[in-house]
Amino acid sequence: MPIDLRDYEDGAHYEGDYEADLAELQEKLAHLFVALHVHRKKAIILCEGWDASGKGGAIQRLTAECDPRTYKVWPIAAPSEEEKGHHYLWRFWRRMPGAGEVAIFDRSWYGRVLVERVEGFAKEAEWRRAYDEINELEAQLGYDGTTIVKLFFHVTQEEQDERFEKRLDHEWKRWKVTAEDVRNRARRKDYLAAIKDMFAQTDTRWAPWTAIDGNNKKAARIAALTQVADALAAACPAKPPPVSPEMEQLAQALRKRDD
């Protein structure tokens with residue numbers, strides 16, 4: 001069934017034990033990140049969504065207990081002058097995970113069919129062509145053994161406005177709100193149309209989208225982390241590699257020394 005964002009606006013409170021469930025998920029993710037690392041697997045966690053929809057908070061909780069050697073977070077902003085001189089996917093290819101890495105994208109190549117489309121930074125022929133380019137990119141990554149998790153964080157206009165106001169009132173968070181955020185707010189209908197097309201064109205069997213109801217932060221974080229954990233567990237069970245004979249000899253030598 002096609003994704004309809006109106007189905008992700010309840011903002012229901014999380015009914016479980018949030019702290020306990022979050023801690024359990026974070027421990028599971030820490031093990032999964034190490035499992036991918038030692039088994040030389042690759043994964044991409046891609047976070048898209050509205051401004052103030054909870055992407056950053058989810059990424060913070062996602063990586064809180066993970067070994068920093070197992071992942072990289074890529075916050076995507078406007079392209080540099082050098083990047084503008086290449087195909088728009090070039091700057092993303094340079095950030096793809098290597099063997100044993102998880103790459104986390106805070107915004108992504110979907111900017112071509114979202115902000116670049118709506119704000120006129122890409123010509124119509126360019127953003128229309130991008131659907132095929134993106135699907136081909138993700139298919140290539142999938143064929144190469146990369147697990148792709150695509151999350152879209154959704155909030156209502158009312159919830160977004162409330163969060164903007166809270167950020168502006170907080171001296172350590174007001175830097176997150178820009179004039180561009182407010183300008184984008186005025187074009188919500190245009191963004192909703194672009195998002196609808198994005199889902200229709202790029203929700204593929206090899207890289208499906210998962211919509212997250214971000215109107216309640218705690219419920220959204222649990223939903224996002226659960227989706228990531230399930231996808232990574234399907235790609236690489238959280239089991240350590242077998243101990244090599246060399247490592248066993250080292251362990252035995254250390255035990256004898258301790259005796």
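A pocket is taken here as an open set of grid points with protein on both sides within 12 Å along at least five of seven lines, and its lining residues are those with an atom within 4 Å of a point. With that in hand, the second largest pocket of this predicted model makes a good place to begin. Two helices, α7 (157-169) and α9 (188-202), each supply at least two residues of its lining. Of the elements involved, α9 gives the most, with 6 residues.

The volume of the second largest pocket comes to about 400 Å³. Its lining is made up of 17 residues, and those that lie nearest the centre are I3, D4, L5, R6 and K196. Sorted by class, the lining holds 7 nonpolar and 7 charged residues, along with 3 polar ones.

The helix α9 also leads to the sheet, as α9 lies across β4 and β5 and runs at about 155° to β4. The sheet itself is open and is formed by 5 strands with parallel pairing, in the order β2-β3-β1-β4-β5. At its edges stand β2 (71-75) and β5 (209-213); each has a single partner strand, so one side of each is left without a neighbour in the sheet. From one strand to the next, the twist averages 20°.

A closer look at the β5 edge brings in β4 (residues 146-154), which runs parallel to β5 and is joined to β5 by 5 bridges. Within this pairing, K150 has W209 of β5 as its bridge partner.

Conventions
Residues numbered from 1 in each chain as written. Predicted model: local features only at pLDDT ≥ 70, side-chain atom pairs only at ≥ 80, totals over all residues. Heavy atoms only, no water. 1 Å grid on protein atoms, 1.4 Å probe; cavity = no way out; pocket = protein on both sides within 12 Å on 5 of 7 lines; lining within 4 Å. Points joined across faces, edges and corners; volume = space filled by probe spheres on them. Helix = DSSP H or I, 4+ residues; strand = E, 2+ residues; numbered from the N terminus. Nonpolar A, V, L, I, M, F, W, Y, C, P; charged D, E, K, R; others polar. Pairing = 2+ DSSP bridges. Axes fitted to C-alpha atoms, helices over the stretch in contact; angles between N-to-C directions. Contact = heavy atoms within 4.5 Å.
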